[in-house]
Amino acid sequence: MAAQNRWTREQLLIAFYLYCRMPFGKMHSRNPEIIRYANLIGRTPSALAMKLTNIASLDPAIINSGRSGLPGASAADRAMWDEMNADWDAFSLDSHRAIELLDSSGDVQKELEREIEEASSGIYEGTNRVVTTTARIGQNLFRKSVLSAYNNRCCISGLSHPKFLIASHIVPWRDDPKNRLNPSNGLCLSVLHDKAFDQGLLAIDGDMTVVVSSQLKQAPDTFLKESLLAFEGRSIDLPEKFAPDEAFLSHHYHNVFMPE
């Protein structure tokens, strides 16, 4: 019986994929997305929801917040957690292939293709279709992981309109290929705050508070004062999952941010 109930590698890949893309508060058996993916992997919605809360018990962001998932994470869960965090590029591709393998109807794949098209931004490296498609698959997972971790709200302003939200890299994509898909290298920011962060006009310090460049302070612009300068010294809203890595924030502060 135990062998029959053991999760396959493909089932685990899809469960971890779903954990990445789903807000913590929606990990329950009534969620239509959980029902859809439970059908995909041949598990009940309750079993998949329980697996997601087991995975949550491995996430430092969950643990450090005082919350906890179910304390039933298996050795296979822990191994998959380590594998995922060791190589996000490989995890992104492997989970996508697992969906292709188990999705006999193709419905989930079609939905993911639409998401991937929306997530594409034309910044990916590579000159052939295979490389470009690989990058787009990974970027879609990164975007979903970051935005869901912050409950689809800008961590500085609280803005929640999906058309104005960006999964912003802390260490730029080009500077750290190993962590370009790591959600702990991401912040959910509004379009404006993403641009300021990317240009080094805004940073997050080690206390998770906003720091603004003096270049902006010198601009006699009411809109800038209200939309950027007003947030200086304020704490960002921390994510439910995948907390921003302090080493990545330090890299941005010392290598991208322009204090003067």
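**Figure 1. Close-up of Met 208, a buried residue in a loop of the predicted model.** Met 208 has a relative accessible area of 13%, and because the limit for a buried residue is under 20%, Met 208 counts as buried. The residue is located in the loop that runs between β3 (202-204) and β4 (210-212). Although Met 208 is not a glycine, its phi is positive, at about 65°. Most residues other than glycine have a negative phi.

**Figure 2. Close-up of Phe 242 in the loop between α12 and α13.** This loop links α12 (222-227) to α13 (246-255). Phe 242, which is not a glycine, adopts a positive phi of about 50°. Its relative accessible area is 3%, and Phe 242 is therefore buried under the cut-off of 20%.

**Figure 3. Pairing of strands β1 and β2.** Strand β1 comprises residues 165-169, and strand β2 comprises residues 186-190. The two strands run in the antiparallel sense and are paired over 5 bridges. Within this pairing, His 169 lies opposite Gly 186 of β2, and Ser 168 has Leu 187 of β2 as its bridge partner. Of the 5 residues of β1, 4 are buried, so the strand is largely enclosed by the rest of the structure.

**Figure 4. The two covered faces of strand β2.** In β2, 5 of 5 residues are buried. In a regular strand the side chains alternate between the two faces of the sheet. On one side of β2 are Gly 186, Cys 188 and Ser 190, and on the other are Leu 187 and Leu 189; all of these are buried. Among the elements of the chain, β2 also has the highest mean pLDDT, 98.

**Figure 5. The largest nonpolar core and the surroundings of Ile 156.** This core has 70 residues, and Tyr 37, Leu 48, Ile 156 and Ile 204 are those with the most contacts inside it. Helix α2 (residues 9-21) makes the greatest contribution to the core, with 9 residues. In soluble globular proteins, nonpolar side chains tend to be buried together. With neighbours within four places in sequence left aside, Ile 156 contacts Leu 189, His 193, Leu 202, Ile 204, Val 210, Phe 231 and Ile 236. Leu 189 belongs to the buried residues of β2.

**Figure 6. Helix α4 and the helices packed against it.** Helix α4 (residues 45-56) consists of 12 residues and spans 17 Å from its first C-alpha to its last, close to the expected 16 Å at 1.5 Å a residue. Its buried residues are Leu 48, Ala 49, Lys 51, Leu 52, Thr 53, Asn 54, Ile 55 and Ala 56. The buried residues of α4 pack against α2, α3 (32-41), α5 (60-64) and α6 (75-86). Leu 48 is also one of the residues with the most contacts inside the largest nonpolar core.

**Figure 7. Helix α7 and the contacts of His 96.** Helix α7 (residues 88-102) has 15 residues; from first to last C-alpha it reaches 21 Å, close to the 21 Å expected at 1.5 Å a residue. At the start of the helix, a side-chain oxygen of Asp 87 comes to within 3.3 Å of the backbone nitrogen of Asp 89. The residues buried in α7 are Trp 88, Phe 91, Ser 92, Leu 93, Ser 95, His 96, Ala 98 and Ile 99. His 96 has a relative accessible area of 11%. Apart from neighbours within four places in sequence, His 96 is in contact with Leu 112, Glu 113, Ile 116 and Ile 137.

**Figure 8. Surroundings of Ser 214 in helix α11.** Helix α11 covers residues 214-217. Ser 214 is buried, with a relative accessible area of 15%. Leaving out neighbours within four places in sequence, Ser 214 contacts Pro 259 and Glu 260. The side chains of Ser 214 and Glu 260 are joined by a polar contact of 3.4 Å. The C-alpha atom of Ser 214 is separated by 42 Å from that of Glu 83, 131 residues apart along the chain.

**Figure 9. Confidence along the predicted chain.** The chain has a mean pLDDT of 89, with 91% of its residues at 70 or more. Over residues 122-131 the pLDDT falls below 50, and this stretch has 9 contacts in the model beyond near neighbours in sequence. Helix α1 (residues 2-5) has the lowest mean pLDDT among the elements of the chain, 57.

Terms used:
Residues numbered from 1 in each chain as written. Predicted model: local features only at pLDDT ≥ 70, side-chain atom pairs only at ≥ 80, totals over all residues. Heavy atoms only, no water. Buried < 20%, exposed > 50% of the residue type's maximum accessible area, 1.4 Å probe, protein only. Pairing = 2+ DSSP bridges. Expected span 1.5 Å × (residues − 1). Polar contact = N/O pair within 3.5 Å; in protein donor to acceptor, adjacent residues only side chain to side chain. Core = buried A, V, L, I, M, F, W, Y, C linked by side-chain atoms within 4.5 Å. Contact = heavy atoms within 4.5 Å. pLDDT = per-residue confidence, 0-100.
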